[in-house]
Amino acid sequence: MAKVTEPQPEPQVTFWGAAQTVTGSMHRLDAAGKTLLLDCGLFQGKRAESYARNRDFPFRTRDIDAVVLSHAHVDHCGNLPNLVRKGFAGPIYCTPATRALAAVMLGDAAKIQEEDANYLNQKRDRGDAKVQPLYDARDVYRTLTKMQAVPYGKPFHIGKGIEVTFADAGHLLGSATVHLRIDGPAGARRVTFTGDIGRPGLPILRDPEPIPPCDLLITESTYGGHTHEHVDETADKLGAVVRQTVERGGRVVIPAFAVGRTQTVVYFLHQLISAGKLPALPIFVDSPMASRATEVFRAHTECFDDETLALLGAHPDLFGEKHVRYVETVNESVKLNRFDRPCVIISASGMCEAGRVQHHLKHALGDARNTILIAGYQAADTLGRRLVERRPEVRILGRLCPLKAEVVVLNGLSSHADHPDLLRMLGPLAGSTARVRLVHGDPERAAKLAEGLKGVGFADVEIPVRGDVVPV
């Protein structure tokens, strides 16, 4: 009797993260008999909710055959060690620069979690349950051994019937849009996951590569409805903020992502000082991770644009060695809070939710001479968002601190494409792309982008909630 072959189900995607929010990127693809995760990032928001969301996955981790990682920011890669800790045994595919940056990022994330847990446990009331980190350095090591680096433009296969190709997303060193070709019962299907799309014209990295037509487009929507100011205007504003703070005898504290944003801010400050637009004031990068990440940038110049390569040839100190001191030890970091002259302190994390920046903020917020310079998007319910909203007081490390310092927001430093950029890059796909799903954006931002995409000819554009499923 002939063997009956069970029909293969149609491919589908389930949205488990970055659905109507900008953090925790994680999308499950079931196709060709395999189950993949597109990203596995940390959700950031209210502490109790974040811990519970990140600790427990909404699926059996052993069911995941592979992970395809778009880039190394923690909201895209930061929960990988927890996935491994809970039983994931497959490969993690990414670009070479992403693998190098992820080693820095994940190692630091484990260290911060352990340090923060120890600090909070020392402050807890007797009888309170101890805070446990999501993962530790051993989990990070096991995760890195599973990472397989594949360069841009080189197709690779995950089992039989799934072909993947990375293209340069221009958002972060090594960032990629992910193009998948899937063999299914009804023929080949194509899925594109943009990860985070870079902003054309920013310094250091190449611009994003064009996005080809597909059956399902999963794209970020962080700045839907928003137009960034010109890069040169942003650099001038950065210089003005620093000058004004110096004149009143204060310090500028810049919470910045250690990977990507810090290097861009240092680049701008270097150029402003070199042009005589800023005095040669002390600039401290208080993040061991940022220091290590900068070394990765220097090692992966294949991701740089032509202008940056030319500048690097003429100015080997482009990333600030002449003007910047990279702070390594905890003792050096603590001493910064007693530094009695105007200065700039750049410290992680970018949304102020963890790390040394919290201690600098705790000491800086109560002095009206100081400036807190917010240099990127702040998700809802994060400390960074509360600073942007200028709450009269904010809670930092379990203590309420009055907010007297000036707060300045410079969204022009964002490495995300804005609304016009997204329409310009995605618009050519209208009519040839069946479905569009918008992720990695607050609901109002995603709604603005959905309206814009429908206006240029896309018929099926939706904003999924967590747990929604879409066929490919």
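**Exercise 1. Charges**

Find how many positive and negative side chains the protein has, and how far apart the centres of the two sets lie.

*Solution.* Start with the counts: the protein has 57 positive and 55 negative side chains. Lys and Arg count as positive, Asp and Glu as negative; His and the chain ends are left out. Next, place each charge at NZ of Lys, CZ of Arg, CG of Asp or CD of Glu. The centres of the two sets then lie 6 Å apart.

*Ground rules.* This is a predicted model, where local features need pLDDT of at least 70, side-chain atom pairs count only at pLDDT 80 or more, and totals for chains, interfaces and linings use all residues. Residues are numbered from 1 along each chain as its sequence is written, and side-chain values use heavy atoms, without hydrogens and water.

**Exercise 2. Overall form**

Decide whether the radius of gyration agrees or disagrees with that of a compact globule.

*Solution.* Take the rule: 2.2 Å times the number of residues to the power 0.38, with the radius taken over C-alpha atoms. For 472 residues this gives a value near 23 Å. The protein has 22 Å, so the two agree. Now add burial: 58% of the 472 residues are buried (under 20% relative accessible area, 1.4 Å probe, protein chains only; exposed is over 50%, partly exposed in between).

**Exercise 3. The two sides of α5**

Work out which residues of helix α5 are buried and how they are arranged around the axis.

*Solution.* Locate the helix: α5 covers residues 137-145. Helices are DSSP runs of H or I with at least four residues, strands are E runs of at least two, and both are numbered from the N terminus. The buried residues are Asp139, Val140, Thr143 and Leu144. They span an arc of only 135° around the axis, so they sit on the same side of α5. The arc uses directions from the helix axis to the C-beta atoms. Recall the helix rule: an α-helix has 3.6 residues a turn, so residues three or four places apart point the same way. Arg138, Tyr141 and Thr145 are exposed on the other side of α5. Finally, the buried residues pack against α3 (80-85), β5 (92-94), α4 (96-123) and β6 (147-149). Contact means heavy atoms within 4.5 Å.

**Exercise 4. A residue in a loop**

Is Thr21 buried or exposed, and which residues does Thr21 contact?

*Solution.* Thr21 lies in the loop between β1 (12-17) and β2 (26-31). Its relative accessible area is 16%, so Thr21 is buried. Set aside neighbours within four places in sequence; Thr21 then contacts Phe43, His440, Gly441 and Asp442.
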